[in-house]
Amino acid sequence: MKKYLLEVCCGSVEDVLQAEKGGADRVELNSCLFHGGLTPSIGELIAAKKLSHLPIMTMVRPRQGGFMYTDAEYQTALADAEALLEHGADGLVFGFLNADGTLDAKRTRELARLAGDKTKVFHRAIDVVGDWKATLAQLIEIGIDRVLTSGQAPDCYYGAEVLRQMVEFAQGAIEILPGGGVTLRNMDRIIEITGCIAIHVAKFRTYTDPSTAGNPEIYYGGALYPPEDRYDVIDGDYISRVRAKL
C-alpha cells in the first residue's frame, strides 16, 4: 500500500503536539492562522523542537495582506529566517510577489540561498499569480523544493484539476503539496485526481479558558470581537482519522 505523507498546519506548540499525537509526518508552524499564517515566535519554535520529534517547517511572513513587502518588512523576514534556522527549523515557508502579482525572483532566490540545505517551500502566494506555469518554472530554477497550493481555487477540491496539471508540469522537479480545504470527505478525490504524494491539513477543536469570565464585556482584539474565553487547538483525533484513511 502506498504511503502518503501528512503535513498539519499548526499555529502553536499545542497544535504541534496534537498533530504528532494524531500521526502527522510533518508540521508547518505559524502564528496568526486567522490571517493565513505569519512568522511564529522563536520561543514557539524552541518549545516545539524540544517537545516534539516532528520535522518543523516554519513560516516566514512578516505581515498579513499580500506578499509585496516594504524594505523594512523584508529585512524583518530575513532576520526572522536567520533566527528560525539558528534555532532548529527544518525548513522555511515563504513567498514574495511583485506589484503585478508576478514572482519576486530576487527575494525568493535570496531566501532560498539563506535556507541552504534546509527545505525551501513556496507557499500559497502562487495561488494569485497570473501564470502559474511560468512561476513554477522560475521556482524550479531557483531551487525551491515544494509548493503549497490549492490549485488557484478557494480550496483543493475545486482546484484539483489545476493541481493535477501542476504535478504533470513539474515532472518531479518540484513537489506539489495540496493545501487549503482538504478534509476527510474530499481527500480521496483530491489524491486520486492530482496524483500528489502528500496533503496539508488543518482541523481545530475549540477549548474554553475561564480566566476572563469575570468581565465578559472586555475584548482585547479588533472589531470582530471574538469571545475571549475560547481558543482553538488542532484536533488530534481528527488527524488520527486522516492518517488512518491515508
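Are the residues on the two faces of strand S2 buried or exposed? In this predicted model, strand S2, which spans residues 26–29, is covered on both of its faces: Arg26 and Glu28 are buried on one side, while Val27 and Leu29 are buried on the other.

To see what surrounds this strand, begin with its partners in pairing. Strand S1, made of residues 5–10, pairs with S2 in the parallel sense, and four bridges join the two strands; within this pairing, Glu7 has Arg26 of S2 as its bridge partner. Strand S2 also pairs with strand S3, residues 56–59, again in the parallel sense, here over three bridges, and in this pairing Leu29 stands opposite Thr58 of S3.

The connections between these strands can be followed along the chain. Helix H1, residues 13–21, forms a right-handed β-α-β unit together with S1 and S2. From S2 the chain crosses to S3 by way of helix H2, residues 42–51, and this β-α-β crossover is right-handed as well.

The helices of these two units, H1 and H2, also pack against each other, with their axes 9 Å apart and an angle of about 25° between them. Because angles under 35 degrees count as roughly parallel, H1 and H2 are therefore described as roughly parallel to each other, and H1 passes H2 in a right-handed crossing. Where the helices meet, Val13, Val16, Leu17 and Glu20 come from H1, and Glu44, Ala47, Ala48 and Leu51 come from H2.

How values were computed:
Residues numbered from 1 in each chain as written. Predicted model: local features only at pLDDT ≥ 70, side-chain atom pairs only at ≥ 80, totals over all residues. Heavy atoms only, no water. Buried < 20%, exposed > 50% of the residue type's maximum accessible area, 1.4 Å probe, protein only. Pairing = 2+ DSSP bridges. Right-handed = clockwise from strand over helix to strand, strands pointing away. Axes fitted to C-alpha atoms, helices over the stretch in contact; angles between N-to-C directions. Parallel < 35°, antiparallel > 145°, perpendicular 65-115°, else oblique. Left-handed = near helix turned anticlockwise from the far one by under 90°. Contact = heavy atoms within 4.5 Å.
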